[in-house]
Amino acid sequence: MADKGGAQGTPRLEDVTASTGIHFEHLSSPEQRYIVESMSGGVALIDYDGDGWLDIYLTNAPNVAMALAGKKARGALYRNNHDGTFTDVTEKAGVATPCWAMGAAVADVTNSGRQDLLVSCFGGVVLYRNNGDGTFTDVTAKSGLAKDVGWATGVTFGDYDGDGFPDLFVPHYVDLDLNDLPKFGSVKTCQYHEIAVQCGPRGLKGSGDSLYHNNGDGTFTEVGASAGVDDKKHYFGMGAVWTDFDNDGKIDLFVANDGETNYLYKNEGGGRFKEIGQDAGVAFSEDGLEQANMGVAVGDFENKGRMSVAVSHFSDEYLALYRNEGGMNFTDVSHAVGVARGTERYVGWGDAFVDLDNSGWLDLVLVNGHVYPQVDDAKLGIHYREPGVLFRNTRDGKFKETAEAALGVGRVSRGMAVGDLFNRGALDLVVENLTGGPTILSSRPDQAHHWMSLQLEGAPKNRLALNARVKVTVGGVTQMQEVRSGGSYLSQSDLRLHFGLGAAKVAEVVEVSWPGGGTQQFRGVAGDKFYKLKQGGELSPVVYTRAK
């Protein structure tokens with residue numbers, strides 16, 4: 001039974017979508033007769049103009065009929081006006097129609113100090129270089145990324161070889177031809193509880209994955225095979241994330257494969273990886289079954305200094321939480337910690353570990369939405385629109401499902417990103433839905449709780465400090481967070497790191513570990529402030545002034 005919330009600092013969420021001025025609707029076919037019409041919907045929180053306020057990019061995709069007729073779907077970039085509202089700047093920025101868009105991720109490809117935007121597509125990827133004047137230039141062809149022509153999904157950047165330039169991993173999904181689509185409901189794999197539905201992914205061909213090494217000059221070279229991450233089994237790649245799971249100073253790669261085993265690639269150095277998913281315990285469910293792996297969340301939910309992984313799944317499965325036991329060993333603790341039962345009836349997508357109450361402990365959020373509109377007429381007790389789920393961290397290694405009215409509305413959700421949109425010291429959720437507009441949910445933490453936010457800058461390279469880690473110690477408890485590209489489902493969250501401090505007004509220790517080595521430590525850091533830190537420099541408070 002879900003906790004009704006409101007006690008002991010339980011997170012509260014408020015739907016503020018209407019007040020933001022964002023008006024956007026994802027295009028989709030009412031019948032969703034083909035799998036490619038069901039999978040889009042990514043969100044990117046990107047400070048494209050460098051003013052310290054998060055802007056929002058929403059991807060869009062046509063339906064099959066539109067695409068075959070040569071029509072495009074318009075994505076949208078909304079500039080933050082610093083007053084709680086946003087303005088559509090898509091055309092001026094030049095990012096309206098990149099492709100049949102799936103998701104997005106952010107990186108500084110050339111170490112310009114600006115956030116570039118990469119869009120994953122049914123048909124490859126599109127790289128937009130940030131020009132620094134409010135506009136982007138499509139540099140896909142010039143960068144060498146136009147060679148990627150597969151169905152790209154949850155892309156992620158990370159500097160796996162430590163040369164200071166972010167490399168790009170592209171998971172690929174189904175090998176699909178719009179001119180030769182499987183017939184709706186035609187065979188058993190195109191039926192759900194004996195009702196006709198779209199076909200796939202089972203019964204369709206998969207695609208291998210790609211790893212693009214950043215050459216340091218704005219171009220990329222595909223090295224997936226030599227690195228050992230090209231997926232020769234051609235699984236249905238859905239989500240991916242870079243993080244250092246074994247704390248050895250080298251980032252590893254987790255790949256969620258839909259309906260098949262997950263991959264965990266251990267970084268062995270020298271540009272090589274070893275796939276250890278089964279041995280590590282993240283390939284299957286606790287019953288040894290392959291699941292429909294989709295969204296990927298990473299976080300240290302126990303405050304033990306190890307990154308665990310949560311993966312969203314199809315209905316009749318459950319949100320899988322793989323607890324990091326250390327030494328590249330994981331345990332599926334979903335049932336044991338209380339996150340399985342509340343997710344088994346839903347089709348899960350975007351997920352995130354997020355401290356919604358500024359308590360210093362990460363909660364777990366999941367948004368849902370079915371892929372088959374036909375279930376509404378089938379009288380199965382299943383609905384196309386499904387509520388999201390919030391699990392409150394009970395600070396003992398477990399979670400408690402918490403009722404949140406704003407999150408509990410039925411929606412056909414896909415991507416979800418997390419960030420402090422309004423620079424108020426509290427986190428917000430931005431969710432893209434396939435029907436209706438996006439949803440923006442603002443947390444309302446306990447006012448007695450304090451916080452701090454850090455924006456890191458690597459020097460002289462890796463300017464966005466991807467995969468840099470920060471540890472914050474308060475009252476003998478140490479939290480750990482990481483700057484990360486991509487994640488959730490097809491989405492990009494705030495690159496700034498937000499820490500709840502609970503009742504403490506001051507953090508005893510703030511320790512920053514930079515990629516490639518080197519740490520900095522600061523003591524007695526005041527809370528309720530935003531900070532910037534350039535590698536080797538000092539923590540500098542930042543004040544963000546709200547527009548009148």
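**Salt bridges, disulfides, cores and a sheet**

Mentor: Lys232 and Asp230 form a salt bridge (a side-chain nitrogen of Lys or Arg within 4 Å of a carboxyl oxygen of Asp or Glu), with the closest N and O atoms 2.9 Å apart. The model is predicted: local features need pLDDT of at least 70, side-chain atom pairs count only at pLDDT 80 or more, and totals for chains, interfaces and linings use all residues. Residues are numbered from 1 along each chain as its sequence is written, and side-chain values use heavy atoms, leaving out hydrogens and water.

Trainee: Is Asp230 buried or exposed?

Mentor: Buried means under 20% relative accessible area, exposed over 50%, and partly exposed in between (1.4 Å probe, protein chains only). Its partner Lys232 has a relative accessible area of 65% and is exposed. For Asp230 the relative accessible area is 17%, so Asp230 is buried.

Trainee: Which residues do salt bridges that share partners join into one network?

Mentor: A search of the whole structure gives 21 salt bridges. Those that share partners make one network of Asp246, Asp248, Lys250 and Lys266.

Trainee: How many residues apart in sequence are the parts that Arg74 and Glu91 tie together?

Mentor: The side chains of Arg74 and Glu91 meet in a salt bridge at 2.8 Å, N to O. Helices (H or I, at least four residues) and strands (E, at least two) are DSSP runs, numbered from the N terminus. Glu91 is in helix H3, and Arg74 is in the loop between helix H2 (64-68) and strand E4 (76-80), so the parts tied together are 17 residues apart.

Trainee: Where in the chain is Cys121, the partner of Cys99?

Mentor: A disulfide is a pair of cysteine sulfur atoms within 2.5 Å, and those of Cys99 and Cys121 are 2.1 Å apart. The pair links distant parts of the chain, 22 residues apart. Cys99 is in the loop between helix H3 (90-93) and E6, whereas Cys121 is in strand E7 (residues 116-121).

Trainee: Is the disulfide of Cys190 and Cys199 left-handed or right-handed?

Mentor: The sulfur atoms of Cys190 and Cys199 are 2.0 Å apart. For Cys99 and Cys121 the S-S torsion is about -75 degrees, so that disulfide is left-handed. The torsion for Cys190 and Cys199 is about 115 degrees, so their disulfide is right-handed.

Trainee: Which strand gives the most to the largest nonpolar core?

Mentor: A nonpolar core is a set of buried Ala, Val, Leu, Ile, Met, Phe, Trp, Tyr and Cys residues joined through side-chain atoms within 4.5 Å. The largest has 56 residues, and Leu117 and Leu456 touch the most other members. With 5 residues, the strand that gives the most to this core is E6 (residues 101-107).

Trainee: How many residues are in the other core, which lies apart from it?

Mentor: Met39, Trp151, Leu176 and Tyr384 are among the members of this other core. Its count is 33 residues.

Trainee: Which strands are the edge strands of the open sheet E34-E33-E36-E37?

Mentor: The 4 strands of this sheet pair antiparallel, where two strands pair if DSSP finds at least two bridges between them. Strand E33 (residues 469-474) is joined to E34 by 6 bridges. The strands that pair on one side only are the edge strands, E34 (477-482) and E37 (519-526).

Trainee: Which residue in E34 is the bridge partner of Val472?

Mentor: E33 and E34 run antiparallel. In E34, Val472 has as its bridge partner Gln479.
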